[in-house]
Amino acid sequence: MSKTVEKSFNVVLAGVGGQGVILAATILANAAVRAGLSARVGQTFTAAQRIGSVSAHVRLGRVIHSPLIGVGDADVILGLEFLEGLRYLNYLKRGGLLIVNTYIFPPRQIMLGQSKYPDPKEVEDIVVKKFSAKVIKVNATEVAKSIGSSLLTNTVMLGVLSRVSGFPIDHRYLVESIRERSPSKYVELNIKAFNTGRKLIPQL
Amino acid sequence: MSWILGNPGNRVLLLGNEAIARGAIEAGVNFVIGYPGTPSSEILAALARVADKLGIYVNWAINEKVALETAVGASLSGLRSLVTMKHVGVNVAADPLMTLAYIGVIGGFVLISADDPQCHTSQTEQDNRYYAMLAKIPVLEPTNPQEAKDMTRIAFSISEEHQIPVMLRSTPRLSHTFGEVVLGEITKSSRKPSFPRDPDRWVCVGPTALRRHKILEEKQNKIKEVIDNLDFNKLILNNAVDIGIITVGVAYNYVLYAIDKLNIGDKVNVLKICSSNPLPEKNVLSFLKRNRKILIVEELDPIVEKQVLALAKKFNIDTEIYGKLDGFLPLVGELNPDTVAIAIAKFMNIPYEVTEKLSTTDFSVPQRGLAFCAGCPHRATYYSLRKVLREIKKSYIVTGDIGCYTIGKASPFNILDTCICMGASISMASGFELSKASDVVIAVIGDSTFLHNGIPPLINAVYNNSKIKVLILDNETTAMTGHQPHPGTGYTATGAKSKKVLIEDLAKACGVEFVKIVDPYNLKETQKVLREAIEFNGPAVVILRRTCALLYSRMARAKGIKLKKYAVVQDKCRGCLLCIRDFGCPAMIYDSSTKKVHIDPFLCTGCGVCVDICPFNAIEEVGQ
Ligand SMILES: Cc1ncc(C[n+]2csc(CCOP(=O)(O)OP(=O)(O)O)c2C)c(N)n1
Ligand code: SF4
């Protein structure tokens, strides 16, 4: 049997309900399928309600079986919200990449003073120094708002992701996939958001 | 979502549930009915979107028992019928299912049971493959979306050929997994319904039942052979290796992942089977014979494992067999790549270090507790209920039920004492009330749940003269599972109009004399009616009617209706945090630098309830 874990590109997407985590995961996987690859998206449960933590495992590659990523096997954690990006760091592989939106949606316990924010500096120290991972912070929600709506955060983040080294899909397939899968009213805006996201970081 | 109608040969990304829907379409399904339940709901929803185009019947039923029985009628008329539900739904539908296996079917009959290992969205993680064994019907267990489609299609043929209902067992890692699927030919069905009248078969009592049981037993061997010969059973062999893994369904994916990660592809044989009832015996036997030891990896209960043990015993095979019974794999919770890798490493006696990972304890990320959406009418209801219960100075018990409103258990309301299954809020409340366990007993139930299984317990409360207070939280939809319509909404799964069944009429017809309807957004009125209901000397029903805020804001956006918006006048806010502590609307954000609360205009749905909650009148409407 051939080894396939290495050959797959594994991303954990995370955010809060209403941010379009699952749609972003679907767009990614659909682009991979269009490009002739195999893809799986494993979702964490989502009830109808907004606001809770939502995450999805996305696996892209030549042959993919498992819809879930093992801990420590993700190439990238893509956090659409700051705290959610940190929540799944146990999935990140050594030397992996954390791409995280700086936008914070404060949990109620924090506002009530019952718990504290993790110190971003400390987190970055641990991730970078102890784990030789890279961290990219982007203000995707601000960028999305400037394009037209905070709802575009997910496609801005996909644009950033598409610049990462080893990312296996040509960006043209992503644009096609956005066209096919996003709500028709938002197609053009989403493509604009995606292209803007691509310019937020240099090619890695 | 036109892709489920794509052309044969197309390779498309489908959700497992969409793949099941496509499989049914390819099989020429005529009749689809079900009751919502995660993770099954998207199957019927996907079919409803294309029903008119395909000319098939698709609708939601009031509950799973009714859904299954309705489909029996369609199948006996010769139509290919699909019934969808979650695992606990099969508990509700178990009664007709058992007899259906006896009488058999005419048109292919496929029952989707969407199980929920890990209780992601359920009250149990029961293994419904036992239902297939109990009813003596075959169960197919797909591994991925492609198989979900292909097995659904085959399930219809097996069902029709052997005149037996077939179960397809899913789990969230199938139903809610996206993967590529190559589409097949669509069968255009032109079946004319016709019921072969035969009371000696369809009136299943006494001697008829016994005769039908015999027929069911006689089918078993033939079906076993069919299952044994399916291509979905897969064998991966390495020459001269005598260690093997048997797996089934979604677990196969984790086995492959683990083998890969442990780099033991050339050191172990794998048999993946497609059914645990009947067990593909020939496949299993020859695998048993060629391996000195075997690990069995399956989701939930050790059903395959016990059968393999029995088979080995029967054929005097001394292969060592490991699995869940000896703790190699956990009996509780769902499998994942890591639990499976750990088990396989232990089984193979190879060292395994869990991949070096960042510990989540290196820094803690605060949890997001369960919370109602901004503007949720349930939040307003619970706010009032809590206020009233604090004021009445009587002991109380609040029995809960299943739906978005179960979140009332969580902070800030912490108000629900029980929740076991749909409808139980009302019956359990009667039990508490008749036992005199407290002064006041309140049952909280949603509209969809009331219709599903709340009516008989309400009649029973009246009949037993149990003075319970039933709050029906009517948000005019089945919200938790994705906003499906129900008989109280006046429209069907395909969006067609139907007669609206009024909950107030039902409550009155059950014999309840106190039936009142209030808008939970109106806190004062709600609290007044709640007090009256509590004081009323008899069973009372209060219907709290207000559309689900998430559904409403989506509808408003689609129709271009602007929602009202509210804002906190910063000068008036004293930062007391009462709104966040006692009400907890997620649109209200506390800014620790200004020590004041503001309302996120993007999240606010304009319910305006917070206006009445702020003690300093700091909240005002600010237009749209
Ligand atoms: C027997 C059974 N069928 C289905 C479900 C899945 N389920 C959970 S909550 C729910 C319905 C909730 O609707 P409603 O009572 O109207 O409450 P809402 O979520 O709208 O507040 C359903 C169908 C279940 N738990 N048990
Ligand atoms: S989906 Fe509707 S019922 Fe459920 S929490 Fe949100 S607003 Fe409330």
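**Exercise 1. A proline in a loop**

Find where B:Pro412 sits, and work out which kind of peptide bond leads into it.

*Solution.* Start with the place: B:Pro412 is found in the loop between strand E14 (396–399) and helix H15 (424–434) of chain B. Keep in mind that you're looking at a predicted model. Next, check the bond before the proline: B:Ser411 and B:Pro412 are joined by a cis peptide bond, with omega about 5 degrees. Now try another proline, B:Pro39. The peptide bond from B:Thr38 to B:Pro39 is cis too, with omega near 5 degrees. As for its place, B:Pro39 is in the loop between strand E2 (31–34) and helix H2 (41–54) of chain B.

**Exercise 2. Positive phi**

Look at B:Ala240 and say what its phi is and where the residue lies.

*Solution.* Read off phi: B:Ala240 isn't a glycine, yet its phi is positive, about 65 degrees. Then locate the residue: B:Ala240 belongs to the loop between strand E9 (234–236) and strand E10 (243–248) of chain B. A hairpin gives you another case. In the hairpin of E20(B) and E21(B), 4 residues lie between the strands, and B:Lys595 takes a positive phi near 60 degrees. To see how that hairpin is held, count the bridges: 4 of them join E20(B) to strand E21 (residues 596–599) of chain B, and the strands run antiparallel. For a landmark, B:Ile589 stands opposite B:His598 in E21(B).

**Exercise 3. Walking across a sheet**

Work out the strand order of the open sheet of 6 strands in chain B, and name its edge strands.

*Solution.* Walk across the sheet and you get E3-E2-E4-E5-E7-E6 (chain B), with parallel pairing. The edges are strand E3 (57–60) and strand E6 (139–140) of chain B, as each pairs on one side only. Now zoom in on one pair: strand E5 (residues 109–114) and strand E7 (residues 166–170) of chain B run parallel and share 5 bridges. Within that pair, B:Ala114 stands opposite B:Ser170 in E7(B).

**Exercise 4. A salt bridge within chain B**

Find the salt bridge of B:Glu141 and B:Arg129, and explain what it ties together.

*Solution.* First, the distance: the side chains of B:Glu141 and B:Arg129 meet at 3.2 Å, N to O. Next, place both residues. B:Glu141 is in the loop between E6 and helix H6 (145–162) of chain B, while B:Arg129 is in helix H5 (residues 129–135) of chain B, so the pair links parts 12 residues apart in sequence. For context, the count over all chains comes to 48 salt bridges.

**Exercise 5. Where the chains meet**

Describe the interface of chain B and chain A, going from its extent to its contacts.

*Solution.* Begin with the extent. The contact takes 64 residues from chain B and 68 residues from chain A. Together the chains bury about 6100 Å², with 60% of it on carbon and sulfur atoms.

Then look for pairs. There are 4 salt bridges across the interface of chain B and chain A. One of them joins B:Lys261 and A:Asp73, whose closest N and O atoms are 2.7 Å apart. Across the same interface you'll also find 21 residue pairs in polar contact (both at pLDDT 80 or more).

Now ask what chain B brings. H10(B) gives the largest share of the side that touches chain A, 7 residues. By type, the residues of that side are 33 nonpolar, 19 polar and 12 charged.

Finally, check for strand pairing between the chains. Strand E2 (residues 38–43) of chain A and E8(B) run antiparallel, joined by 3 bridges. In E8(B), B:Thr177 is the bridge partner of A:Gly42.

**Exercise 6. Two ligands**

Decide which chains surround ligand 2, then list polar contacts of ligand 1.

*Solution.* Take ligand 2 and go through its neighbours: they include A:Gln49, B:Cys373, B:Cys376 and B:Cys548. Residues from chains A and B surround ligand 2, so the site is shared between them. The shell around ligand 2 has 8 nonpolar residues, 4 polar and no charged.

Move on to ligand 1. It has 26 residues around it, and the closest are B:Glu64, B:His378, B:Cys404, B:Asp447 and B:Thr449. An oxygen atom of ligand 1 lies 2.6 Å from a polar side-chain atom of B:Asp447. For B:Asn475, an N or O atom in the side chain is 2.9 Å from an oxygen atom of ligand 1. With B:Ala479 the backbone takes part: a polar atom there is 2.9 Å from an oxygen atom of ligand 1.

Methods. Residues numbered from 1 in each chain as written. Chains lettered and ligands numbered in written order. Predicted model: local features only at pLDDT ≥ 70, side-chain atom pairs only at ≥ 80, totals over all residues. Heavy atoms only, no water. Near = heavy atom within 4 Å. Nonpolar A, V, L, I, M, F, W, Y, C, P; charged D, E, K, R; others polar. Contact = heavy atoms within 4.5 Å. Buried area = accessible area lost by both parts, 1.4 Å probe. Polar contact = N/O pair within 3.5 Å; in protein donor to acceptor, adjacent residues only side chain to side chain. Helix = DSSP H or I, 4+ residues; strand = E, 2+ residues; numbered from the N terminus. Pairing = 2+ DSSP bridges.
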